[in-house]
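Biologist: I've just opened this one and would like a tour. Please start with the aromatic side chains.

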Amino acid sequence: MFGDKRIVKFALDVWELIRVIIRNLIQRLVLLIVLVGLLSARAGAQIDFPIGYVSTGGTYAFISLIEQHKLLEQEGIRPTFVYIGGPQVSQALISGDIKMAIVAAASPIRAAAHGADLRFVGGVTDKEVASFVSAANIKAPAELKGTRLAIDRLGDYSDFRARKVLEMFGLQAQKDVTLLQIGGQTARFAALRNNQVQSTFVVPPLTLVARKAGLRELADLGELGFPSSSGAFVVMRSTVERNPKEIYGVLRAVAKAIRIYKTDKEQALGAIARFMRLKDSEALEETRRMNVNVLKDIPSPPVAGIRVVRDFLAQTDPEVKGMNLDALITTQFSDRLQKEGLK
């Protein structure tokens, strides 16, 4: 009898122990379910905000850093970057396929002049990332008199830029320097090397190839201060009204990526390599060198570059000439970012 009581007590103790273990397991399971639910809710709270971009050049390599460091996710935005070449990016913006375009100013200005309600809300640079290179025997801009300069086509932006830069040199296009239509950058560079022309514009990493070929860099357009609108951030006005949090979040993410680009050389080179699919170490160094000094800490709208493009387009489009450019530019997001800083 005494032995039976001990067996019963032992069984009851074991049962109590099992109940405690089961209770703890249930509590842990409930906690796990709650945590999963919170994480799922947080992930589900991310806003779709697709962004289109037009270039795979080094100026846009900050996109790779945003993706690598999940900077948009930190702002509650689901990251979707879509490459859309040419003016089609503005069409995609107007149609609602994307919420923001990272683009030079020409196609948005044309679209706005003909009725699209667009706004420039930011930009990564105010200055062009390009070099004006010449034959080795030309040592100063004044020596360009009587020579030929390669552009893409007469009447396009390469023509306009050439005229403006020559003007900065104190020279007049088609009087002091003849502009020749050669085509794209590769063809223009070949024409310079073959002495068909004596100068042209190149962007990195072709700037490195030019130096190695013995050509002379007469001017770095970034250092020259030539205005640029490359990498401008454009949205519809309705997006400014409905998604101000997301616009601000994108600009914060861009500012953080640029800070990494400027302060961490290895990460910057890695980002350029991934974004441009470039492996040559010298070319990577060259691309970073020419971009690091022109990228802005606060991605504000490139007002001077936008005006330069407007002036160019206004030469042939009366709708552009008569537009109110100030109404297209809003600095409310970059002003706020400047005031609050990065945390």
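**Rings, pockets and a helix**

Biologist: How many aromatic pairs does the count come to?

Modeller: The count comes to nine. A pair here is two rings of Phe, Tyr or Trp (its six-membered ring) with centres within 6.5 Å, called stacked if the planes are under 30 degrees apart, edge-to-face if over 60 and tilted for the rest. Bear in mind that this is a predicted model, where local features need pLDDT of at least 70 and side-chain atom pairs count only at pLDDT 80 or more, while totals for chains, interfaces and linings use all residues. Residues are numbered from 1 along each chain as its sequence is written, and side-chain values use heavy atoms, with hydrogens and water left out.

Biologist: Fair enough! Why is the pair of Tyr 60 and Phe 62 stacked?

Modeller: Their planes meet at 25°, with the ring centres 6.5 Å apart, so Tyr 60 and Phe 62 count as stacked. Tyr 60 is buried at 2% relative accessibility, and Phe 62 is buried at 2% too. Buried means under 20% relative accessible area, exposed means over 50% and partly exposed is in between (1.4 Å probe, protein chains only).

Biologist: And what about Phe 132 and Phe 169?

Modeller: That pair is edge-to-face, because the planes are at 75°, with centres 5.5 Å apart. Phe 132 belongs to strand β7 (residues 131–134) and Phe 169 to the loop between α5 (157–168) and β9 (177–181), so the pair ties together parts 37 residues apart in sequence. Both Phe 132 and Phe 169 are buried. Elsewhere, ring pairs join Tyr 53, Tyr 83 and Phe 275 into a cluster.

Biologist: Nice. Which rings have a charged end over them?

Modeller: Tyr 248 is one of them: the charged end of Arg 336 sits over its ring, 3.6 Å from the centre. Another is Phe 201, with Arg 161 over its face at 4.5 Å from the ring centre. The test asks for NZ of Lys or CZ of Arg within 6 Å of the ring centre and within 35 degrees of the ring normal.

Biologist: Let's switch to pockets. What volume does the largest pocket have?

Modeller: About 1200 Å³. Its lining has 37 residues, and those closest to the centre are Ser 55, Ala 104, Tyr 157, Arg 161 and Ser 230. The elements giving two or more residues to that lining are α4 (106–113), α5, α6 (185–193) and β10 (199–202). So Arg 161 turns up both over the ring of Phe 201 and by the pocket centre.

Biologist: How many cavities of 30 Å³ or more does the search find?

Modeller: One, and the largest cavity holds about 40 Å³ of space. Ser 131, Val 133, Thr 207, Ala 210, Arg 211, Leu 215, Arg 216 and Glu 217 line the largest cavity. Two or more lining residues come from each of β7, α7 (206–212) and β11 (216–220), and α7 gives the largest share, three residues. On a 1 Å grid over the protein atoms alone, a cavity is a set of points where a 1.4 Å probe fits but cannot get out; a pocket is an open set with protein on both sides within 12 Å along at least five of seven lines; lining residues have an atom within 4 Å of a point.

Biologist: Back to α4. Why is α4 largely enclosed?

Modeller: Six of its eight residues are buried, so the rest of the structure largely encloses α4. The buried ones are Ser 107, Pro 108, Ile 109, Ala 111, Ala 112 and Ala 113. Their cover includes α3 (88–95), β5 (100–103), β6 (118–123), β12 (232–236), α13 (303–314) and α14 (318–321). Just after α4, Gly 115 has a positive phi of about 115°.

Biologist: Where does Gly 222 lie, and what is it in contact with?

Modeller: Gly 222 is in helix α8 (residues 221–224) and is buried at 5% relative accessibility. Outside four places in sequence, Gly 222 is in contact (heavy atoms within 4.5 Å) with Lys 127, Glu 128, Ala 130 and Val 294. Gly 222 and Val 294 are 72 residues apart in sequence but 6.5 Å apart in space, C-alpha to C-alpha.

Biologist: Last one: what does the secondary structure come to?

Modeller: The chain has 15 helices and twelve strands, taken as DSSP runs numbered from the N terminus (H or I, at least four residues, for helices; E, at least two, for strands). Buried residues make up 48% of its 343 residues.

Definitions and conventions. Grid points are joined across faces, edges and corners, and a volume is the space filled by probe spheres set on the points.
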